[in-house]
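Here are a few exercises to work through with the structure open in your viewer. Try each one yourself before reading the solution.

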Amino acid sequence: MSAGRWKPRSSNEHPTRSRWLLLGGFGTLLVAVAVLLRAPTANGFELSPYAAYPGWFWGLLVITVVLGQLLILREAFAEKPHPPNWYAGFLLSFLVTAILVFLPLIRGYPLYGRGDVLTHIGHVQTIHTTGGSPFQNIYQNLHQLVLALSYATGLEPMQLVNAVAGVISLFAIVASYALLSAVFERRRMLFTLPFVVLLIAGSTHLNPSPYAQSVLLVPFVLYLFARAQQTDTFAFRLPLAVAVIAVVLYHPLTAVFLLVVFGVHYVVAARHSGTRLGDVSTPLSRVTATSVLQLALVTFLAWYYNFVGIFIRFETVARRLLDPGEGETELDTYGQTILEFSPSLLDLAEIGFVNYGQRAIWLALGSLFVVGGVLAYARGKRFENPYLLTFGLAFVAFVILGVVFLFVDLIGGFGRPLVFAHLFAALVAGTLLASAYDVVDRRAVVTVAVTLFLVVLAVSTVVTLYPSPMSGDSTSQVTQHDLAGGEWYFDNDLQDAPLQEYGTGMQRFEHALAGGDPQIITFGPTAPPERFNYTQYPTLGDSYYEDQYLVVTERGRQFYPATYPDYRDFWRFQPGDFERLEYDPTVSHVYTTEEFDVYLVTATRE
């Protein structure tokens, strides 16, 4: 597939259009920034960041991104491009991306990220407390980074993790641009740049956890890999070795996926041994691919050999691959949910677009590229750039892995390998776009279609990044009330009765606030009975043989009414159930803020 055989336009053809795009882009961006500056920060729980600003604000962000992309694409057609135009286009889209990834900090959240994120913060605290004493922590790279920044800035790790995630996300975009510049000629690079300037990995960009952050370092590793092949100099070989080791230590699954990428390139390099990379005019080095494979594999075995849990997990993977029926897959979960609740087609379409719309677009782009490549191959044509073959085959490999993860209950969801598929789809999207201009004679029609496509892609990127009621998910916001309530619970060492909770995860908060393994919150089921069993008994105490502590948060109270307003019959809790707790004679209110309540339930069941 070629980069197109269109007639390049003159650099001074329609310069006014570029100026209008530039003025319009920075105008919409300035208005959006003014909205951010005028809006008050969050003073408590909010359903979603999307609810904090008017709908037209998000429209301005979409418009800014699209105008930036169009500025870049216009320069792809120029015989002698005017670099300041596409620089400005890149900057417009990049600044919108910065707004999106730093929005939790702009909103004033103490932390954005629950679950594993809180546990990882606890690991950082543990390293600080113990001085780095060995323990079963396989993710120390990110923890040590956050701890070092904490020492350098004087800020708590919880105040830093979202900033680290945002910086690494922006670094991934810059690294992607560098990768494109290294492996593609100018026109192909400019055709592809509008795609990689987006948040390709979706919500992964917001997740300050080891796997997510290690995935975002992959474009930088690929850039160093390409430059090491092209220059064969120590200046790139050493950073490549350090980067490969670092990514392998970040997360074992990323290490395995990186081995897949280098394995694919090894095959391509073997096939193209002695060929040259088009305009780049540098040989592919099979030795480099071999060396990196060996380095990654040796590092993986040397580091993870000391962690028994890793071998247990891989043994579980092998067993489930041999017996796919073991365990419940994500596909099983989706099927059971649809059968149980019978949602309307409109609701399924809405949730499907919000949760999987961007993913579907990337998979469609990558699949079209692969189909086009196969058809071209059947006609005797070959990729003039072997890196395109690497990217295309890697896309296919990770789509296959995604399907396996979907149908077999492995060590993660199917989204983990598909994030890599997104990356490689974005890297080949520009070539697909150039080919469309090459094949279709009516360029105006293609331009309109491409513009509409960019609008859809930008919308899916902006409005699906954060969980919202539209996605059927609850926000990952952590409020000051959550932290204050957790600190009170742990300071009072409430171990005299088991815990029930709704709308929070106190064990994770104990990780984050106390560090180390939980001592107060024991592992196990902590969900209270549906409707607090008021449909079965007059009081909650009638449900228990021993006293219980019950924690209820505003996040839990608002979840069903906000997320599933049309499915009231399926709500696990009704608003009246929370009101009934206040006058239940077996329930005592022992702690409260505006959004965090702790009750002591006196057991009356005999």
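Contact here means heavy atoms within 4.5 Å. Keep in mind that this is a predicted model.

**Exercise 1. Find where Ser-209 sits, and list what it touches beyond four places away in sequence.**

Solution. Start with the chain: Ser-209 lies in the loop between helix H8 (186-196) and helix H9 (210-216). Next, collect the contacts, skipping residues up to four places away in sequence; that leaves Asp-116, Val-117, His-120 and Leu-142. Finally, check the cover: buried means under 20% relative accessible area. Ser-209 has 8% relative accessibility, so it counts as buried.

**Exercise 2. Asp-116 came up as a contact of Ser-209. Which residue does Asp-116 form a salt bridge with, and how far apart in sequence are the parts tied together?**

Solution. Look for the partner: Asp-116 forms a salt bridge with Arg-508, and the closest N and O atoms are 2.9 Å apart. Now place both ends. Asp-116 is in helix H5 and Arg-508 is in helix H21, so the pair ties together parts that are 392 residues apart in sequence. As for exposure, Asp-116 is partly exposed, with a relative accessible area of 41%. Arg-508 counts as partly exposed too, at 29% relative accessibility.

**Exercise 3. Take the salt bridge between Asp-482 and Arg-114, and work out whether its ends are buried or exposed.**

Solution. First the geometry: the side chains of Asp-482 and Arg-114 meet at 3.4 Å, N to O. Then the location: Asp-482 belongs to helix H20 (residues 480-491) and Arg-114 to the loop between E1 and helix H5 (116-130), so this pair ties together parts 368 residues apart in sequence. Last, the cover: Asp-482 is buried, and so is Arg-114.

**Exercise 4. Do the same for Arg-107 and Glu-46, which meet in a salt bridge.**

Solution. The N to O distance for the side chains of Arg-107 and Glu-46 is 3.0 Å. The two ends come from distant parts of the chain, 61 residues apart: Arg-107 is in the loop between helix H4 (103-106) and strand E1 (111-112), while Glu-46 is in the loop between helix H1 (15-38) and helix H2 (55-76). Test each end against the cut-off for buried, under 20%. Arg-107 has a relative accessible area of 5%, so it is buried. Glu-46, at 13% relative accessibility, also counts as buried. As a tally, the structure holds 6 salt bridges.

**Exercise 5. Head for the surface: which residues gather in a patch of negative charge, and which make a nonpolar patch?**

Solution. The negative patch gathers Asp-493, Asp-496, Glu-546 and Asp-547. Pick out Glu-546: it's in the loop between helix H21 (506-514) and strand E4 (548-553). With 47% relative accessibility, Glu-546 counts as partly exposed. The nonpolar patch is made by Phe-234, Leu-238 and Val-242 and comes to about 320 Å². Val-242 has its place in helix H11 (residues 234-250).

**Exercise 6. Zoom out: how many helices and strands are there, and what share of the residues is buried?**

Solution. Count the secondary structure and you get 23 helices and 6 strands. Of the 606 residues in the chain, 52% are buried. For the surface, the accessible area is about 26600 Å², with 62% of that belonging to carbon and sulfur atoms. To finish, take contacts between residues at least 6 apart in sequence: 78% of those join residues at least 24 apart.

Definitions and conventions. Residues are numbered from 1 along each chain as its sequence is written. This is a predicted model: local features need pLDDT of at least 70, side-chain atom pairs count only at pLDDT 80 or more; totals for chains, interfaces and linings use all residues. Side-chain values use heavy atoms; hydrogens and water are left out. Patches are made of residues with over 30% relative accessible area and no salt bridge: like charges are joined within 9 Å, nonpolar side chains (Val, Leu, Ile, Met, Phe, Trp, Tyr) within 5 Å. Accessible areas come from the Shrake-Rupley method with a 1.4 Å probe; for residues, only the protein chains shown count as cover. A salt bridge is a side-chain nitrogen of Lys or Arg within 4 Å of a carboxyl oxygen of Asp or Glu. Lys and Arg count as positive and Asp and Glu as negative; His and the chain ends are not counted. The place of a charge is taken as NZ of Lys, CZ of Arg, CG of Asp or CD of Glu. Buried means under 20% relative accessible area, exposed over 50%, partly exposed in between (1.4 Å probe, protein chains only).
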